[in-house]
Amino acid sequence: MNPINYLYLSALLFTIGGAGVLVRRNAIIVFMCVELMLNACNLAFVTFARLHGNLDGQIIAFFTMVVAAAEVVVGLAIIVTFFRSRHSASVDDASLMKL
Amino acid sequence: MDHLIGALIGAPLLGAGILLVGGRRLDRVGHWIGCLLAAVSFGIGAALFADMLGKPTDQRTLTSHLYSWVPVGGFRADVAFQLDQLSMTFVLLITGVGTLIHIYSIGYMAHDENRRRFFGYLNLFLAAMLLLVLADNYLLLYVGWEGVGLASYLLIGFWQHKPSAATAAKKAFIVNRVGDMGLSIAIMVLFTTYGTFSFGPVFAHATGASQAKLTVIGLLLLLGACGKSAQVPLQSWLGDAMEGPTPVSALIHAATMVTAGVYLVTRSGAIFNAAPTAQLAVCVVGAVTLMFGAIVGCAKDDIKKALAGSTMSQIGYMMLAAGLGPIGYVFAIMHLVTHGFFKAGLFLGAGSVMHGMNDEVDMRKYGGLRRYMPITYVTFGLGYLAIIGFPGLSGYWSKDKIIEAAFAKGGTEGWILGGVALLGAGITAYYMTRVMVLTFFGEERWEPAPDPDKTPGVEPGIEVHPGELPHPHESPRSMTIPMVILAFGSVFAGGLFSINSAFLKWLEPVTGHSEGHSPVSTWEVTAATLVVLVVGGALAWAQYGRRPVPVTAPRGSLVTRAARRDLLQDDFNHIVLVRGGEHLTRSLVYLDHSLVDGAVNGTAASVGGLSARLRQVQNGYVRSYAVSMLGGTAVLVAATLLMRAV
């Protein structure tokens, strides 16, 4: 199977994730979409590693996983705290940071 | 003898230093210190004069190099003095008349609590004036020039509690500034042309410069001379300068400082000789001023202002003579010296009259004083005869020579200048007779002294009893003795100078002399002068001597009223210069507000408006930030790809 197809899949997943981040309001869904984008990137990295025949892309994919795990910990904690104080998980309710 | 030149200036400078730094504890002896040091300076001057007379004519110039002031590369400015016959004449006049006026001031300022400061300023003036005439280069001359300007300012404004005196001092200073600017630019042009300030090299190479440059230098020097010597168009300060104490008017604004312009023109004779246009300008300025001053002098009722108009007019004579070139230099200086005697004497006489009349200056409120002040009457009268050019007295010898020289210029110019000078002699006789008759003859028109509380213009120190008629009395001896000595000078100086053309021979090595070809003979000029003199005097007698004089001045004709206002000079200055200046500054302020501030404020406003728009982007919604991030990333990726493709 042509490895290029994995790149197409990666692009499709990234786009879906990006659209989800932009259009959805539920913080949990937005969060999942971010994860989707990160994993789309991982897929692209691994594909490139395969295409070029070296391990660079795979190593970066591991880094991304670590970062994503850390992000999930912090991000979910923020969402939970926010929900406790606002009784809402909508990102539009978190709009106080403006002039 | 060379080092004595420094001492000549040093003595009064030391006096000024002691008196001004010493403070109140010197109040008791201050005037004696001032007089002593002025007299020391005169003594040194006289010693140098005697020494100079003993030398052959061509070795009479003394030089003294004190130190290098600003030696920078090719630029050299030295503090060096040069004492030649011309400087010597001035030194004797300045220190001689100066010492007499110092002595007079002891009596005149006896009741003034600031007498010590007054003598300090007088000494400062002497030092600056001596520096001016002894400098051997233009830069040092300029130092003296500014020094006398400063002393003049301080002394005009000596009674600075009178607003009129404070204003007059400022006016004199500012008008002089215009002239000083001309002199300073002239010195700069001189330096760029000749590469030096020193008189010797400059005059030796004077003709080497281009005609245009010489004319520019000449005209700028003339501007400087006009400021200091109160010549048209910078004459307006002299009348107001009479706000100063009378000895100041006598010393600075009649006998010495105002002649600095004549000195400058005569000293720079080599330059003027090579620039006929500038020379003609000097003549024209002199001729215009001599008529201007004479006309103003005819209309003033204030005795000092009438004399100030006369000073202006007489200096106009000197300028006219100096502008004639080698025909006139000697006579300009000779008239300057004789004028120094009789004008100082006249002013001291006027001060004595004011002293006896509760400081009344309006001549219409004098009258009949000859019986009460015999010494003043006689000395003033001799000064009067001298200034109108009564045959045999000083003024006759010097003024007649100037009129002759003016005719000798030749051509139409000669006739015009000579005619003006002749007419001026007639007017001189008119206004001086008027002063004389109003003050010493006729009935007594005295008025009670004004209340000093209501009229702050009264000079301080003299006891004034409001409501009482003045008790005219002769002044103390310290005042009358200088007047008597000056009267002797007024009578005999001109005659002594003319014996065997002594003065001419004395100055000729410095200024040069040529006879010129007069279209009229000497006796014709003398006869014509005598005729206009008699006519002028008779007119004044007919107008003021034979009829009672009204105490309040009649309205007078249009010309009289204009002359009373200094021929509208101040009005002209006000409308053209003051208003013009105000309009200029106002339009500049407007430009500043609209253009400069407009640009600055406009920039600030547009930045503010733009940021208000940009602020809308910060709406707080995470999604919109995400969109901008996505957009930014897209742009970056697109740009990267595009760069690759290219």
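Trainee: Taking a salt bridge as a side-chain nitrogen of Lys or Arg within 4 Å of a carboxyl oxygen of Asp or Glu, how many does the rule find across the interface of chain A and chain B?

Mentor: The rule finds one, and it joins the side chains of B:R623 and A:D92, with N to O at 2.5 Å. This is a predicted model, in which local features need pLDDT of at least 70 and side-chain atom pairs count only at 80 or more, while totals for chains, interfaces and linings use all residues. Side-chain values use heavy atoms, without hydrogens or water, residues are numbered from 1 along each chain as its sequence is written, and chains are lettered from A and ligands numbered from 1 in the order in which they are written.

Trainee: Which residue classes make up the side of chain A that touches chain B?

Mentor: That side has seven nonpolar residues, one polar and four charged.

Trainee: And how much area is buried between the two chains?

Mentor: About 960 Å² is buried between chain A and chain B, with carbon and sulfur atoms giving 64% of it; the value is the accessible area (1.4 Å probe) lost on putting two parts together, summed over both.

Trainee: New topic: where is the cis peptide bond?

Mentor: It runs from B:V232 to B:P233, with omega near 10°, and B:P233 sits in the loop between helix 8 (211-228) and helix 9 (236-240) of chain B, helices being DSSP runs of H or I with at least four residues.

Trainee: Is A:H87 buried or exposed?

Mentor: A:H87 counts as exposed (over 50% relative accessible area, 1.4 Å probe, protein chains only), because its relative accessibility is 65%. Its phi is positive, near 55°, although A:H87 is not glycine.

How values were computed. Helices (H or I, at least four residues) and strands (E, at least two) are DSSP runs, numbered from the N terminus. Buried means under 20% relative accessible area, exposed over 50%, partly exposed in between (1.4 Å probe, protein chains only). Ala, Val, Leu, Ile, Met, Phe, Trp, Tyr, Cys and Pro count as nonpolar, Asp, Glu, Lys and Arg as charged, and the others, Gly among them, as polar.
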